[in-house]
Amino acid sequence: MGSSDSKLNFRKAVIQLTTKTQPVEATDDAFWDQFWADSNTTVQDVFALVPAAEIRAVREESPSNLATLCYKGVEKLVQGAESGCPTERDKQVVLNCTRILTRILPYIFEDQDWRGFFWSTVPGAGRAGEDDLDEDDGARPLAESLLLAIADLLFCPDFTVHSHKRGPDSVENMQTIDSCEYIWEAGVGFAQSPPLNYIHDLNRAELLRLLLTCFSEAMYLPPSSDNSILNPWVTFFCSTENRHALPLFTSLLNVVCAYDPIGFGIPYNHLLFSDYREQLVEQAVQILIVTLEHDGGAPQRPTSPSSIEEQEFAGPENLFVNYLSRIHREEDFDFVLKGLARLLTNPLTQTYLPNSTKKIQFHQELLVLFWKLCDFNKKFLFFVLKSSDVLDVLVPILYYLNDARADQSRVGLMHIGVFILLLLSGERNFGVRLNKPFSLNMPMDIPVFTGTHADLLIVVFHKIVTTGHQRLQPLFDCLLTIIVNVSPYLKSLSMVAANKLLHLLEAFSTNWFLFSAAQNHHLVFFLLEAFNNIIQYQFDGNCNLVYAIIRKRNVFHQLANLPSDPASIQKALQKKRKTPDVISRTSSQETVSMEGSHPAVAAEPGTLKASLVAMPGIDKLTEKSQVSEDGTMVSVPKTNPVHAAHPEHSAAAGTSDTESNSGRDNEDVFYTEAEMERRRLSCASSASYWAPTPEWVLSWKCKLPLQTIMRLLQVLVPQVEKICIDKGLTDESEILKFLQHGTLVGLLPVPHPILIRKYQANAGTAMWFRTYMWGVVYLRNVDPPIWYDTDVRLFEIQRM
């Protein structure tokens, strides 16, 4: 009975608040205590009993009451943090305030006039005639008090951490407590694993949810390329003002990397026991990726209503980024890498009992965290690539890419997976590691093959290109760049992978595809460069690829003789209108798929997705380095684009998840996908629509790097034909044996230097990551739906 009574009382208090037109005094404790004194409201209750419309009504009609509610809520958290919540009632008050503030904050952020409220020092200053309150110059802004209270409460003995009290009379003082002794989990920089306490986990998760809501002000500002605009909530929380920054960062990282969703390996155990740790791990990884977004300075206290201001100076750096970049012990790297690999591999776990193992859902956040680790800590990146452990991350990424390729709601996941592989492929060791044989049995709907991890990568990329949805086309440049980057190191491609590469070349070199967009020919340049690298640097072990090239030699001859007269161009384009398919999906012999796999499927109707901003083209995403003879890399200076002959010179390389290049004209403008599509259609209908000309075709045709392959064909084709005639051979194995023992030493052109296109960050990628990350956070927090139906401006929420 008590539970329904308490909900009724809470609802009555909310109605009173929304109907009172006069300001309620901050001193009227009897009124305000109704919101948090109750002991039975869950966070779901608070969301149900405080409707959005009523929060907005109070905001518009009695702003001083909303201001006082926020102020009183923060005050209660500060009191709890100072006292250490000695009684159960104290703990309950803190939790109820946490839930109410989580509910209200998004409605503060969505209104531009309110955004500065939490950064003012006096409750309701400048509002509803409260100007006569004494203003204390030394007072902290409400936001700072709130953030420091949350940090203190996250290390509150018997509430969120295990108590270290020696006896019944000893007291742990919240002001002097050394939170480094209370880190939540063993791992980086901490050896003891405290006893598991599910109540502590639940309380931590509630506080982290409020913290994440504080940081979410970023969602309510439109995309901008100005990286000097910082999130003041994140900047303050990750500054030296927060004395718990180091233990909290360590706690979050260790909780994530130590988590094992399978537990003791008992089938169906996740159905028998609630896993309170999983909820905490999800909140922890989301806090980590959001706090690690900025490595800039600290904002000054804003004077204008918007609390995210341009910074004139570089203040103290973000301590979370600082600590992440300074991790250096091998055992710490090992702990982090093994933990992330274990979690990323979790959805691939095959068992004979259906649904018997727990499957985690936060792999997108884990991929962003892995990205941040590699980006901010180069020692970690080198550690990852030092052994074949990198393959434990590669395989799940390829699994996700393959699985999401037909689902437009997961286009962001496709991008982050490809970006990670692009980053890794810039390092020689990655290409070398790919030569390790692949023997796992995985539920992937790709052809069964015998080969290496390089073969797996090529087979999956081929599947994405030929059977993914149309919006993935801008990623083709990235996929092929990765293949080019690793190609000089691939010792032996399987016949399956070799045929897939030749099928891609065949598809990309049809006249209609080459002539139908200004940048399509770059894909052919990438593939030819990959073939040249393998022939020049790894000829000996690659008889399968050489054989595939010989079999498909007509493709290379057709490219060399590509017509460029107006009549041929028109004929090719008319053919395209009849067959508007992106890529020829025939002529690629599909074989049996791996055991336990399901075909990739489109999103269910009604699935929500967050829009993304346009992605910079491959020329902006990468910078070229030349590998010198001793293996070191030398940066290649950028040349001015002349005819967009090479992929890296194009001003029109792929952009967002649409096929538009309109976002390219102005680096400071960010378009959502819907706007991009509208712009593309308006461009298509306008007179300025691009059309291929003979001059344009000739400008890049003469640069096609065909010399090495033509020389190879010139030498080997007559020899292979002679063997077939002399021995009456139709058997592939004999020809492969001949090619295996053949050599082209002294017959090929001088080997070209190896060019690697290394990922480089820029304003465009920074903005893409921000919108992607917050879109994931928005869509993953559905219980309770923290931001649902609020006026977010960083991205659009679309229903499939």
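How many aromatic pairs does a search of the whole structure find? In this predicted model, a search of the whole structure finds 36 aromatic pairs, and the first views below show some of the aromatic residues.

**View A. Phe35 and Trp36 form a tilted aromatic pair.** The ring centres of Phe35 and Trp36 lie 6.1 Å apart, and the angle between their planes is 45°. Both residues of this pair, Phe35 and Trp36, are buried.

**View B. Trp371 and Tyr759 form an edge-to-face pair that joins helix 15 to strand 6.** The planes of the Trp371 and Tyr759 rings stand at 80° and the ring centres are 4.9 Å apart, so the pair counts as edge-to-face. Because Trp371 belongs to helix 15 whereas Tyr759 belongs to strand 6 (residues 754-759), the pair ties together parts that are 388 residues apart in sequence. Trp371 has a relative accessibility of 3% and therefore counts as buried, and Tyr759, at 12% relative accessibility, also counts as buried.

**View C. One aromatic cluster is formed by Phe109, Trp114, Phe117, Phe118, Trp119, Tyr220 and Trp233.** The cluster brings together residues of three kinds, with Phe, Trp and Tyr side chains taking part.

**View D. Helix 13 crosses helix 15.** The axes of helix 13 (residues 319-326) and helix 15 (residues 363-376) come within 8 Å of each other and cross at roughly 70°, which means that helix 13 is roughly perpendicular to helix 15. On the side of helix 13 the contact is made by Val321, Leu324 and Ser325, which meet Lys372, Leu373 and Phe376 in helix 15. Sorted by character, the residues of this contact are four nonpolar, one polar and one charged.

**View E. Glu206 is a buried residue in helix 8.** Helix 8 covers residues 198-215 and includes Glu206, which counts as buried because its relative accessibility is 12%, under the 20% cut-off. Leaving aside residues up to four places away in sequence, Glu206 touches Val43, Leu95, Thr98 and Arg99.

**View F. Cys85 has a positive phi in the loop between helix 5 and helix 6.** Most residues other than glycine have a negative phi, and most peptide bonds are trans. The phi of Cys85, however, is near 45°, and the residue sits in the loop that runs between helix 5 (63-83) and helix 6 (88-109). With a relative accessibility of 1%, Cys85 counts as buried.

**View G. The loop between helix 33 and strand 7 holds both Pro784 and Asp789.** Helix 33 (763-780) and strand 7 (797-799) flank the loop in which Pro784 lies, and the peptide bond from Asp783 to Pro784 is cis, with omega near 0°. Asp789, found in the loop between helix 33 and strand 7, has a positive phi near 70° although it is a residue other than glycine. At 55% relative accessibility, over the 50% cut-off, Asp789 counts as exposed.

**View H. Residues 123-137 and residues 683-687 are stretches with pLDDT below 50.** The protein chain averages a pLDDT of 84, and 82% of the residues score at least 70. Over residues 123-137, where pLDDT stays under 50, the model has 19 contacts beyond four places in sequence. Residues 683-687, where the pLDDT is also below 50, have two contacts in the model beyond near neighbours in sequence.

Note on methods:
Residues numbered from 1 in each chain as written. Heavy atoms only, no water. pLDDT = per-residue confidence, 0-100. Contact = heavy atoms within 4.5 Å. Helix = DSSP H or I, 4+ residues; strand = E, 2+ residues; numbered from the N terminus. Buried < 20%, exposed > 50% of the residue type's maximum accessible area, 1.4 Å probe, protein only. Axes fitted to C-alpha atoms, helices over the stretch in contact; angles between N-to-C directions. Parallel < 35°, antiparallel > 145°, perpendicular 65-115°, else oblique. Nonpolar A, V, L, I, M, F, W, Y, C, P; charged D, E, K, R; others polar. Phe/Tyr/Trp six-rings, centres within 6.5 Å; stacked < 30°, edge-to-face > 60°.
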